[in-house]
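Here are my notes after going through the model you sent. I have kept them as numbered points so you can follow along with the viewer open.

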Amino acid sequence: MSEFYPLQVLNIKKETEDAVSITFDIPQELYSKFIYKPGQYLTLRFHLNGKEVRRSYSLCSSPFLEEYPKIAVKRVKNGLVSNHINDTVKVGDSIDIMLPEGRFYADVKETNYKTYYLFCAGSGITPILSILKSVLHTEARSFVYMIYGNRHQESIMFNDELSALQEQYKDRFVLIHTLSRPNSSWSDLWKTKNDYSYKKGRVDTKMVEWFINEFPPYAQNAEYYICGPGTMIENTKTALKGIDVPNTRIFTESFGGAIEDASVKGFKNAKLIAHLNNQRVELTIPEGKTILRALIDKGQNPPYSCEGGVCSTCVCKLKQGEVHMKKNLSLDDKEVKQGNILSCQSIPLSEIIEVEYLK
Ligand SMILES: Cc1cc2nc3c(=O)[nH]c(=O)nc-3n(C[C@H](O)[C@H](O)[C@H](O)COP(=O)(O)OP(=O)(O)OC[C@H]3O[C@@H](n4cnc5c(N)ncnc54)[C@H](O)[C@@H]3O)c2cc1C
Ligand code: FES
């Protein structure tokens, strides 16, 4: 069940030319519901052009500090919601928001003694910033090595906050900025200040190899968190696997944008049996429609957020039949083998499909 709560916008700040951060006020009676882990996201709902639209935005605030929940939204070219937020949302507005969710988070504890490697690019800083602040504030013995990729100086989000953290935690936090198109004054400035802190280029395989080589794990217990555009995640993972980092220590969050496999047509008018919200629902899925869309179009309320194969809010168990997932950026091989599917991406390949929603 997707339940939304109206939250009031407390503050809006222009972070860069094309991004704003938004802080929300949480009414006291909702405090306990809106508890989140560093790295998780909120789902916002709007009604635009006569349609309901939902989008996920990672929390960039830290649940370990006395901060109001905050998200930051970067414009996407021709993007419906990101531009709506940047152009029209104002202080005092009420926005429908789902409780925090997400499997990309760090299990931050005072007793931890770890090395954290944080890799991010562009708006991918948001969940990383939450993890970074939480770790530095709470885990006095842990070390953080972070690399943050951007186009140029002006596109760096939270630059001042990051600099302040560098200053405050200089004994156990290293931050490298890498810019794909730096302007010259920026590079000159960094070169005189500290050669280490500035690199030119993207966060790619070579950059990650250099980074790990330059900053080997301090504590043996190392974890690797990655958030950015599709290729950046893949390139970072490739480099980490090249140095034998086990999969279990690599955590990724994609914001979407991957190409879907639309080559499979699916079964015409398959019968769907869905166990959802303590009910058994039966309906026919029109050709080409996903399980999720077929349910929504029949007035059901299945859980979903990104509808892009990324967040896994719509996950359900396939109990009978066969499906094709057009895109899957969130379930791992083991989860798929166990019969989990993303209903927002699944079209039927057999006459009867039976699924059970777990939430
Ligand atoms: C778990 C999760 C957390 C997220 N956290 C953040 C966050 O903290 N900050 C943030 O700014 N965004 C975040 N996003 C992305 C966000 O949810 C939207 O996808 C994004 O704002 C674009 O929505 P839109 O309506 O403007 O674009 P749409 O109208 O949906 O899309 C317009 C065009 O842009 C492409 N597109 C869609 N999303 C992206 C993208 N992320 N990058 C590049 N191209 C894209 C589409 O393929 C389409 O062609 C997150 C996404 C997920 C799944
Ligand atoms: S709704 Fe996000 S993966 Fe399906």
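**Notes on the model**

1. Let's start with strand E7, residues 115–121. Of its 7 residues, 6 are buried, so E7 is largely enclosed by the rest of the structure. Keep in mind throughout that this is a predicted model.

2. What does E7 pair with? On one count, E7 runs parallel to strand E8 (residues 143–150), and 7 bridges join the two. If you want a pair to click on, Phe119 has Ile147 of E8 as its bridge partner. E7 also runs parallel to strand E11 (residues 222–228), this time with 6 bridges. There, Thr115 sits opposite Ala222 of E11.

3. Now bring in the helix. E7, H2 and E8 together form a β-α-β unit, and that unit is right-handed. Helix H2 covers residues 125–138, and a quick length check works out: at 1.5 Å a residue its 14 residues should span 20 Å, and the end C-alpha atoms are 19 Å apart, which agrees.

4. Is H2 mostly covered or uncovered? Mostly covered, with 12 of its 14 residues buried. The buried stretch includes plenty you might expect to see inside, among them Ile125, Ile128, Leu129, Ile131, Leu132, Val135 and Leu136. Do look at Lys133 as well, since this lysine is also listed as buried, and so are Thr126, Ser130 and Ser134.5. Helix H6 (residues 230–242) passes a similar length check: its 13 residues reach 19 Å from first C-alpha to last, close to the 18 Å expected at 1.5 Å a residue. The buried residues in H6 are Met232, Ile233, Asn235, Thr236, Ala239 and Leu240. What do they pack against? Their partners are E7, E8, E11, helix H5 (205–214) and strand E12 (250–254). Just past the end of H6, have a look at Asp244, which takes a positive phi of about 65°.

6. On to the domains. The chain is split into domain 1 (4–98), domain 2 (115–254) and domain 3 (270–357). The centres of domain 1 and domain 3, taken over C-alpha atoms, are 27 Å apart. Each of these two domains puts 4 residues into the contact between them. On the domain 1 side, the residues that touch domain 3 break down as 1 nonpolar, 2 polar and 1 charged.

7. Two asparagines deserve a click. Asn269 is not a glycine, yet has a positive phi of about 50°. You'll find Asn269 in the loop between E12 and strand E13 (270–276). Is Asn269 buried or exposed? Asn269 has 10 C-beta neighbours inside 10 Å, so it counts as exposed, the cut-off for that being 12 or fewer.

8. The second one is Asn277, again with a positive phi of about 50° and again not a glycine. Asn277 belongs to the loop between E13 and E14. With 14 other C-beta atoms within 10 Å, Asn277 comes out as partly exposed.

9. Next, Ile285, which is part of strand E14 (residues 279–285). Why does Ile285 count as buried? Because Ile285 has 25 C-beta neighbours inside 10 Å, and 20 or more is what it takes. Setting aside neighbours within four places in sequence, Ile285 is in contact with Ala270, Leu272, Ile291, Ala294 and Pro348. For a sense of scale, Ile285 and Phe24 are 261 residues apart in sequence, and 39 Å lie between their C-alpha atoms.

10. Last stop, strand E19 (residues 352–357). Which residues make up its covered face? Those are Ile353, Val355 and Tyr357, while Ile352, Glu354 and Glu356 make up the uncovered one. That fits a general pattern: in a regular strand, side chains alternate between the two faces of the sheet.

11. E19 has pairings to trace as well. E13 pairs with E19 in the parallel sense over 5 bridges, and Leu272 is found opposite Ile353 of E19. Strand E15 (residues 315–320) runs antiparallel to E19, joined by 4 bridges. In that pairing Leu318 faces Val355 of E19. Ile353 and Val355 both belong to the covered face of E19, and Leu272 is also one of the contacts of Ile285.

Definitions and conventions:
Residues are numbered from 1 along each chain as its sequence is written. Chains are lettered from A and ligands numbered from 1 in the order in which they are written. This is a predicted model: local features need pLDDT of at least 70, side-chain atom pairs count only at pLDDT 80 or more; totals for chains, interfaces and linings use all residues. The expected span of a helix is 1.5 Å times one less than its number of residues. Domain bounds come from an automatic or database domain assignment. Two residues are in contact if their C-beta atoms, placed from the backbone, lie within 7 Å. Ala, Val, Leu, Ile, Met, Phe, Trp, Tyr, Cys and Pro count as nonpolar, Asp, Glu, Lys and Arg as charged, and the others, Gly among them, as polar. Two strands pair if DSSP finds at least two bridges between them. A crossover is right-handed if, with the strands pointing away from the viewer, the path from the first strand over the helix to the second runs clockwise.
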